[in-house]
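Here are some exercises to work through with the model open beside you. Try each task on your own before you read the solution.

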Amino acid sequence: MKRYRDFFDKKTGKDIHRIVLIAVCLCIAFLLCIAFFMMALRRDKVESVQGEMRGYATSAQKGIDNQISGDFQTLRTVASSFSKIAEMDETSKAALFTQMNKANSFIRMGYADTDGNAVMYDVDGSRYSENYKNELFFQEALSGTEAMQDTSADPYGSGWVLYYAVPVKENGRITGVLLAVQNASFFSDIIDISIFNSTGYANIIDSTGKFVIRTNNPEVSSDSYTLFDLGNVNANAAYSIKMNLLSGVSGNYRFQTQDGE
C-alpha cells in the first residue's frame with residue numbers, strides 16, 4: 001500500500017509539474033499573440049492615420065494653392081497699373097490701398113522703391129515706413145521673380161504674417177516692388193479643418209522643419225519656430241525626421257510636449 005501511495009504521489013507530482021509547464025507555455029503563447037495583435041493593430045492604425053493625412057494634405061494643398069494663386073493674380077493686376085497709383089496724392093493713395101486690403105483679405109499693402117524703402121498701408125488706415133532691402137522676398141521680386149516669404153512675426157501687431165512681393169515694371173524696366181502682407185491665420189483656417197475627429201492639428205513645414213504655415217491651435221506656442229520646438233524628441237528620432245523631410249518621405253514619431261504630456 002505504501003509502495004502504491006509513493007507511486008501515486010510521484011505520478012501526481014509529475015502530472016502537476018506537467019500541467020504547470022503547459023499552463024506557463026499557454027500563457028507565454030497567449031501573451032505573444034496579444035503582442036503580435038497589438039503590433040498589427042498599431043501598424044494598421046499608423047497606416048490608417050497616414051492615409052488620412054495624405055488625403056488631408058492634398059485637400060489643404062489645393063485650398064492654399066488656390067488662395068496664393070488668386071492673391072498673386074490680384075497683385076499682378078495692381079502692379080500693371082501702378083503708374084496711375086503713383087500719380088495719386090497721399091490721401092487718395094492711402095484710401096485706395098486700404099480699400100484693396102479689405103477687398104482681398106490683406107492686412108497691409110504698399111510699395112518699395114529699388115532701394116527697399118517702402119510705405120505700407122494697414123487695413124485700419126495706419127501708415128508705416130519700412131526698408132526691405134535685405135529681405136530675400138524683396139530681392140527676388142527686384143530681380144523679376146514673384147516671391148512669398150515664410151511666416152514671420154508681425155512687426156506692427158500680434159501673430160504671424162506672410163509677405164508677397166511682385167515686381168513693378170515701367171516700359172519693361174523694374175522700378176520697384178509691390179508688397180502685400182497676409183495674416184498667417186488666414187491660411188491656418190484652411191489647414192485647421194476637422195482632423196482626427198477634431199482632436200488633432202496640422203502645420204506646414206519646409207524641408208528643415210521650419211513652420212511655413214502654422215496652426216491656430218493654442219497648443220502650439222507662439223515661440224515655436226520649428227517642428228522640433230513642439231516637444232522633446234530623442235536624437236535618433238530627430239535624425240530620422242530630418243532625413244525624411246530632406247528626402248520627402250512620410251513618417252511618424254512620438255514626442256513629449258514642453259508641458260511633459
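**Exercise 1. Find out which parts of the chain the salt bridge between Glu146 and Arg76 ties together.**

*Solution.* Start with the contact itself: in this predicted model, the side chains of Glu146 and Arg76 form a salt bridge with an N to O distance of 2.5 Å. That is inside the 4 Å cut-off for a salt bridge. Next, place the two ends. Glu146 sits in the loop between helix H4 (136–142) and strand S4 (147–148), while Arg76 belongs to helix H1 (residues 2–80), so the bridge ties together parts that are 70 residues apart in sequence. Last, look at the surroundings. Glu146 has a relative accessible area of 30% and is partly exposed; Arg76, at 35%, is also partly exposed. By the same rule, the count comes to four salt bridges.

**Exercise 2. Work out which residues are joined with Arg108 into one salt-bridge network.**

*Solution.* Take the partners of Arg108 one at a time.

- Step 1: Arg108 forms a salt bridge with Asp122, and their closest N and O atoms are 3.0 Å apart. This pair links strand S1 (residues 108–113), which holds Arg108, to strand S2 (residues 117–122), which holds Asp122; the two residues are 14 residues apart.
- Step 2: Arg108 also meets Asp154 in a salt bridge, at 3.2 Å from N to O. Here strand S1 is linked to the loop between strand S5 (152–153) and strand S6 (160–170), where Asp154 lies, 46 residues apart.
- Step 3: Through shared partners, Arg108, Asp122 and Asp154 make up one network.

Now check accessibility against the 20% limit for buried residues. Arg108 is buried at 3%, Asp122 is buried at 7%, and Asp154 is buried at 10%.

To round off the picture of Asp122, list its contacts beyond four places in sequence: Thr98, Asn101, Ile107, Arg108 and Tyr128.

**Exercise 3. Decide which element gives the most residues to the largest nonpolar core.**

*Solution.* First identify the core. The largest one has 27 residues, and Leu75, Phe97, Met109, Tyr164, Leu178, Phe187 and Ile213 have the most contacts inside it. Then see where its residues come from: two or more are given by each of H1, helix H2 (82–86), helix H3 (90–104), S6, strand S7 (173–183), helix H5 (184–191) and strand S9 (211–213). H1 gives the most, with seven residues.

A separate core of 16 residues lies apart from this one, and its members include Ile107, Phe138, Tyr163 and Val181.

For a closer view, pick Phe187. Setting aside residues up to four places away in sequence, Phe187 touches Ile64, Gln67, Ile68, Asp71, Met148, Leu162, Tyr164, Gln182 and Ile213.

**Exercise 4. Describe the setting of Ala79: is this residue buried or exposed, and which residues does it contact?**

*Solution.* Begin with the element: Ala79 lies in helix H1. With a relative accessibility of 7%, Ala79 is buried. Its contacts, leaving out neighbours within four places in sequence, are Val166, Pro167, Val168 and Leu178. As a distance check, set the C-alpha atoms of Ala79 and Tyr111 side by side: they are 9.6 Å apart in space, and the residues are 32 apart in sequence.

**Exercise 5. Classify the ring pair of Phe97 and Tyr121, then that of Phe106 and Tyr164.**

*Solution.* The structure holds eight aromatic pairs, and two of them are enough for practice.

- Phe97 and Tyr121: the ring centres are 5.1 Å apart with 5° between the planes, and the pair is stacked. Phe97 lies in helix H3 and Tyr121 in strand S2, so parts that are 24 residues apart in sequence are tied together. Both ends are buried, Phe97 at 1% and Tyr121 at 3%.
- Phe106 and Tyr164: the centres are 5.8 Å apart and the planes meet at 65°, so this pair is edge-to-face. Phe106 lies in the loop between H3 and S1 and Tyr164 in strand S6, so the pair ties together parts that are 58 residues apart in sequence. Phe106 and Tyr164 are both buried.

As a last step, follow the ring pairs outward: they link Phe72, Phe106 and Tyr164 into a cluster.

Key:
Residues numbered from 1 in each chain as written. Predicted model: local features only at pLDDT ≥ 70, side-chain atom pairs only at ≥ 80, totals over all residues. Heavy atoms only, no water. Helix = DSSP H or I, 4+ residues; strand = E, 2+ residues; numbered from the N terminus. Buried < 20%, exposed > 50% of the residue type's maximum accessible area, 1.4 Å probe, protein only. Core = buried A, V, L, I, M, F, W, Y, C linked by side-chain atoms within 4.5 Å. Contact = heavy atoms within 4.5 Å. Phe/Tyr/Trp six-rings, centres within 6.5 Å; stacked < 30°, edge-to-face > 60°.
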